[in-house]
Amino acid sequence: MSLIGKEIESFKAQAFKNGEFVEVSSEDFKGQWSVVCFYPADFTFVCPTELEDLQEQYAALKQLGAEVYSVSTDTHFTHKAWHDTSDAIGKIEYTMIGDPSHEISKIFDVLDEAAGLAQRGTFIIDPDSVVQTVEINNDGIGRNASIVVDKIKAAQYVRNHPGEVCPAKWKEGAETLKPSLDLVGKI
């Protein structure tokens with residue numbers, strides 16, 4: 001069952017952020033845009049490239065009023081150890097959530113139960129805690145965080161302009177569509 005248009009379920013977890021251990025809950029998502037990026041495991045291969053790329057887009061996402069959370073089934077202690085030993089992960093300023101109980105991975109339906117690891121899932125959640133986009137990739141396929149920036153801009157535009165939609169490859173400032181009988185069969 002798709003999570004699109006559904007409010008996220010309640011959770012609490014321990015996380016690592018900017019040299020400290022913090023508690024994060026689903027309540028933290030309310031009132032802001034959130035990007036939740038699941039990945040299989042710390043100390044692996046594709047994961048650090050993705051998380052570093054996400055960090056490179058962090059300032060742009062913050063400018064859009066979005067907070068970023070990465071999640072794996074590792075503990076917050078493991079996140080700290082990875083942060084302290086990896087050049088790529090050492091750059092990360094956003095929150096790294098530990099999900100060793102698999103609760104959050106199950107809520108977002110990205111848990112590979114056989115492996116005990118999260119799949120590569122990216123979720124954009126609106127200020128009402130409602131899921132607006134979902135992208136899930138195979139373990140060997142890394143994601144491009146600049147696309148997340150474009151998706152947030154489109155989601156914000158649609159939220160702020162009821163009755164308009166963003167066509168394929170839409171960029172901020174480009175033309176949108178107003179679905180109507182007049183457009184049927186003309187696109």
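This passage describes two helices and two cavities in a predicted model.

Helix α3 spans residues 76–85. Four of its residues are buried: His 76, His 79, Trp 82 and His 83. These four cover an arc of only 115° around the helix axis, which puts them on the same side of α3. The spacing fits a general rule. An α-helix has 3.6 residues a turn, so residues three or four places apart point the same way. The opposite face of α3, turned away from the buried side, carries the exposed residues Phe 77 and Thr 85. Both strands and helices cover the buried residues of α3. The strands include β1 (12–17), β2 (20–25), β4 (66–72) and β5 (95–98). The helices include α1 (46–56) and α4 (87–90).

Helix α6 runs from residue 145 to residue 160. At 1.5 Å a residue, its 16 residues should span 22 Å. The end C-alpha atoms of α6 are 23 Å apart, which agrees. Buried residues of α6 are Ala 145, Val 148, Val 149, Ile 152, Ala 154, Ala 155 and Gln 156. They pack against the strands β3 (33–38), β4 and β8 (120–125). They also pack against the helices α1 and α2 (58–63). Helix α1 and strand β4 thus recur: both are among the elements covering the buried residues of α3, and both pack against those of α6.

The structure holds two cavities of 30 Å³ or more. The largest has a volume of about 80 Å³. Its lining consists of Cys 37, Glu 50, Asp 53, Leu 54, Thr 122, Glu 135, Arg 143, Asn 144, Ala 145 and Val 148. Helices α1 and α6 each supply at least two residues of this lining. The largest share, three residues, comes from α1. By class, the lining of the largest cavity has four nonpolar, two polar and four charged residues.

The second largest cavity has a volume of about 40 Å³. Thr 122, Ile 124, Thr 133, Val 134, Glu 135, Val 148 and Lys 151 line this second cavity. Two or more lining residues come from each of β8, β9 (131–137) and α6. Strand β9 gives the most, with three residues. The lining of the second largest cavity divides into three nonpolar, two polar and two charged residues.

Some residues appear in both linings. Thr 122, Glu 135 and Val 148 line the largest cavity and also the second largest. Val 148 is, in addition, one of the buried residues of α6. Ala 145, likewise buried in α6, lines the largest cavity.

Methods:
Residues numbered from 1 in each chain as written. Predicted model: local features only at pLDDT ≥ 70, side-chain atom pairs only at ≥ 80, totals over all residues. Heavy atoms only, no water. Buried < 20%, exposed > 50% of the residue type's maximum accessible area, 1.4 Å probe, protein only. Arc of directions from axis to C-beta. Contact = heavy atoms within 4.5 Å. Expected span 1.5 Å × (residues − 1). 1 Å grid on protein atoms, 1.4 Å probe; cavity = no way out; pocket = protein on both sides within 12 Å on 5 of 7 lines; lining within 4 Å. Points joined across faces, edges and corners; volume = space filled by probe spheres on them. Nonpolar A, V, L, I, M, F, W, Y, C, P; charged D, E, K, R; others polar.
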